[in-house]
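Let's take a walk through this one, starting at the ligand and working outward. Keep the viewer open and follow along.

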Amino acid sequence: MAECVARELSADLEAVETEKPVDLKDGQTMKDLTFGAWLGKLPKVKPPKKDLSAYDMVVVGAPMWAFGLASPMRAFLCENRGRLPKKAGAFSTSGNPFGGRALRQMEKYSGIKAAAKLHLREKEIKAGGWEKKAKEFADRLR
Ligand SMILES: Cc1cc2nc3c(=O)[nH]c(=O)nc-3n(C[C@H](O)[C@H](O)[C@H](O)COP(=O)(O)O)c2cc1C
């Protein structure tokens with residue numbers, strides 16, 4: 001999804017990286033990650049490699065964890081809030097159909113109102129055909 005949107009907008013792509021792994025590898029369980037996210041625990045994230053203030057738009061994309069924004073993205077937005085460009089797009093993915101909360105949290109933690117938003121369910125991604133929605137989302141940001 002991120003690669004598709006970046007390609008459509010001829011944009012640079014940067015992944016949020018945490019200091020220590022925050023995923024299902026490295027001995028962490030779904031329960032650890034879900035409770036951590038639910039309790040609002042924020043992992044330490046690495047500083048972005050790119051100079052965020054040099055861009056005129058940022059598109060933020062992340063999965064939903066514990067019915068909210070995945071904690072690595074939440075930490076990234078909180079830490080880089082002052083450096084983000086003023087125009088933004090936001091997309092999220094989840095197992096359930098209620099993506100609105102993760103998208104609202106992206107706006108809350110970045111301090112930017114998204115010019116376009118898109119939520120996709122895992123089911124839709126696996127079934128294919130999501131590229132059309134991703135392209136329409138990118139079009140709304142041009
Ligand atoms: C720790 C954790 C918590 C999750 N919590 C939720 C949730 O509350 N609701 C939901 O619909 N999906 C939840 N999911 C599923 C992810 O949102 C879904 O697998 C994700 O969109 C896949 O994106 P990714 O491949 O970029 O990780 C969770 C996944 C993980 C790893």
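Before we start, one cut-off: a residue is near a molecule if its C-beta atom, placed from the backbone, lies within 6 Å of it. Also keep in mind that this is a predicted model.

So who sits around the ligand? The shell holds 13 residues, and the closest are Leu 33, Pro 63, Thr 93, Ser 94 and Gly 95. The elements that contribute two or more residues to that shell are helix H2 (30–38), strand E1 (57–65) and strand E3 (87–94). In terms of chemistry, the shell splits into seven nonpolar residues, five polar and one charged.

Two of those strands lead straight into the sheet. Four strands make up an open sheet with mixed pairing, in the order E2-E1-E3-E4. Strand E2 (68–69) and strand E4 (114–121) are at the edges with a single partner strand each, so one side of each has no neighbour in the sheet. As a general reminder, strands of a sheet pair through backbone hydrogen bonds, either parallel or antiparallel.

Now for the pairings themselves. E1 and E3 pair in the parallel sense over seven bridges. You can follow the register residue by residue: Val 59 has Gly 89 as its bridge partner in E3, Val 60 has Ala 90, and Pro 63 has Thr 93. That last pair should ring a bell, since Pro 63 and Thr 93 are both among the residues closest to the ligand. On to the next pair: E3 and E4 also run parallel, joined by seven bridges. There, Ala 88 stands opposite Ala 114 in E4.

What about E1 and E2? These two pair in the antiparallel sense over two bridges, and Met 64 stands opposite Leu 69 in E2. E1 and E2 form a hairpin with two residues between them, and the backbone there deserves a look. Ala 66 lies in the loop between E1 and E2 and has a positive phi of about 50 degrees although it is not a glycine. Phe 67 is found in the loop between E1 and E2 as well, and its phi is near 60 degrees, again a positive value in a residue other than glycine. Are these two buried or exposed? Ala 66 is partly exposed, with 15 other C-beta atoms within 10 Å, and Phe 67 is partly exposed too, with 13.

The strands E1 and E3 give another picture. Seven of the nine residues of E1 are buried, so that strand is largely enclosed by the rest of the structure. Likewise, seven of the eight residues of E3 are buried, so E3 is also largely enclosed.

Which helices pack on the sheet? Let's take H4 and then H6. Helix H4 (residues 100–110) packs on the sheet and touches E1, E2, E3 and E4, with its direction making about 145 degrees with that of E3. Helix H6 (residues 130–141) packs on the sheet too, touching E1, E3 and E4, and its direction makes about 170 degrees with that of E4.

Stay with H4 for a moment. The buried residues of H4 are Ala 102, Leu 103, Gln 105, Met 106, Tyr 109 and Ser 110. Looking down the axis of H4, these buried residues fall within an arc of 160 degrees, so they line one face of the helix. The spacing makes sense if you recall that an α-helix has 3.6 residues a turn, so residues three or four places apart point the same way. What covers the buried residues of H4 includes E1, E2, H3, E3 and E4. Just after H4, Gly 111 takes a positive phi of about 75 degrees.

Finally, take a look at H3, which turned up in the cover over H4. Seven of the 10 residues of helix H3 (residues 71–80) are buried, so this helix is largely enclosed by the rest of the structure. Those residues are Ser 71, Pro 72, Met 73, Arg 74, Ala 75, Phe 76 and Leu 77. Their cover includes H2, E1, E2 and H4. H2 and E1 bring us back to where we began, as both give two or more residues to the shell around the ligand.

Definitions and conventions: Residues are numbered from 1 along each chain as its sequence is written. This is a predicted model: local features need pLDDT of at least 70, side-chain atom pairs count only at pLDDT 80 or more; totals for chains, interfaces and linings use all residues. Ala, Val, Leu, Ile, Met, Phe, Trp, Tyr, Cys and Pro count as nonpolar, Asp, Glu, Lys and Arg as charged, and the others, Gly among them, as polar. Two strands pair if DSSP finds at least two bridges between them. Two residues are in contact if their C-beta atoms, placed from the backbone, lie within 7 Å. Axes are lines fitted to C-alpha atoms, for helices over the stretch in contact, and angles run from 0 to 180 degrees between N-to-C directions. A residue is buried if 20 or more other C-beta atoms lie within 10 Å of its own, exposed if 12 or fewer, and partly exposed in between; C-beta atoms are placed from the backbone. The arc is that of the directions from the helix axis to the C-beta atoms.
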